[in-house]
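Open the model in your viewer and keep the sequence panel beside it. The tour goes stop by stop, with something to select at each one.

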Amino acid sequence: MRTFTALLSFPILAGCISLPIAQSQDPSNARIGQAVYVDGPVIKPVAVIEDSRCPAEVQCVWPGRVRIKALWMRADGPRELLLASDQPMAVADGMMTLSEVRPVRPKNGKIDASKYRFSLSFAGGL
């Protein structure tokens with residue numbers, strides 16, 4: 001009888017264990033190392049590759065851009081993406097956009113990677 005009870009509880013426990021992705025996290029406030037659910041795909045920013053945005057309180061000819069390395073968390077394993085603030089990227093059956101990056105770039109141009117926050121959005125899907 002104990003074996004039967006243990007087997008019955010296994011699917012319930014397995015269901016509880018299978019929720020490692022932070023699907024409840026807000027995709028408008030993602031940070032490095034945090035996986036977020038973005039209207040379908042789950043994306044995990046892992047590094048800032050480029051931040052050439054114009055610093056705060058400075059007039060620039062070009063606004064610059066931010067590029068981040070991210071992982072698209074798929075059932076068959078993660079896939080690496082390079083998302084850029086100036087161009088959406090095809091992901092799954094839609095387009096993923098890095099729509100906002102915070103904080104604004106300071107005059108000295110340096111931001112601690114742990115301070116970055118990203119707004120991600122996904123358009124498309126079935």
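A strand here is a DSSP run of type E with at least two residues, and the numbering starts at the N terminus. Keep in mind that this is a predicted model.

**Stop 1: the whole chain**

Show everything as cartoon. The chain holds one helix and seven strands. Trace the elements from the N terminus: the order is α-β-β-β-β-β-β-β. Now switch on the surface. The accessible surface is about 8200 Å², and carbon and sulfur atoms account for 58% of that. Of the 126 residues, 27% are buried. Look at contacts between residues at least 6 apart in sequence: 43% of these join residues at least 24 apart.

**Stop 2: Val46**

Select residues 42-51. This is strand E2, and Val46 lies in it. Is Val46 buried, exposed or partly exposed? Its relative accessibility is 28%, so Val46 counts as partly exposed; the band for that label lies between 20% and 50%.

Next, add Ile32 to the selection. Draw a distance from C-alpha to C-alpha: Val46 and Ile32 are 5.0 Å apart in space, though 14 residues separate them in sequence. Which residues touch Val46, once neighbours within four places in sequence are set aside? Show Ile32, Lys69, Ala70 and Leu71, which are in contact with Val46.

**Stop 3: the disulfide**

Select Cys54 and Cys60 and show them as sticks. A disulfide joins the two, with the sulfurs 1.9 Å apart. The count for the model is one disulfide. Check the torsion about the S-S bond of Cys54 and Cys60: it is 75°, and the link is right-handed.

Now colour the pair by accessibility. Cys54 has a relative accessible area of 19%, so Cys54 is buried; the cut-off is under 20%. Cys60 is at 37% relative accessibility and therefore counts as partly exposed.

**Stop 4: the three-stranded sheet**

Select 89-91, 94-102 and 117-124. These are E5, E6 and E7. They form an open sheet in the order E5-E6-E7, with antiparallel pairing. Which strands sit at the edges? E5 and E7 do, each pairing on one side only. On average, neighbouring strands in this sheet are turned by 40° against each other, direction ignored. Turn on hydrogen bonds if your viewer offers them. Strands of a sheet pair through backbone hydrogen bonds, either parallel or antiparallel.

**Stop 5: along the strand pairs**

Stay on E6 and E7. How many bridges link E6 and E7? Eight bridges, in the antiparallel sense. Pick Gly94 and look across: Gly124 in E7 stands opposite.

Move to the other side of E6. Three bridges join E5 to E6, and the two run antiparallel. Click Val91 and find its bridge partner in E6, which is Gly94. Gly94 thus appears twice on this stop, with Gly124 and with Val91.

**Stop 6: the hairpin turn**

Zoom in on the link between E5 and E6. The two strands form a hairpin with two residues between them. Select Ala92 in that turn and read off its backbone angles: phi is positive, about 55°.

Note on methods. Residues are numbered from 1 along each chain as its sequence is written. This is a predicted model: local features need pLDDT of at least 70, side-chain atom pairs count only at pLDDT 80 or more; totals for chains, interfaces and linings use all residues. Side-chain values use heavy atoms; hydrogens and water are left out. Two strands pair if DSSP finds at least two bridges between them. Helices (H or I, at least four residues) and strands (E, at least two) are DSSP runs, numbered from the N terminus. Axes are lines fitted to C-alpha atoms, for helices over the stretch in contact, and angles run from 0 to 180 degrees between N-to-C directions. Buried means under 20% relative accessible area, exposed over 50%, partly exposed in between (1.4 Å probe, protein chains only). Contact means heavy atoms within 4.5 Å. Accessible areas come from the Shrake-Rupley method with a 1.4 Å probe; for residues, only the protein chains shown count as cover. A disulfide is a pair of cysteine sulfur atoms within 2.5 Å.
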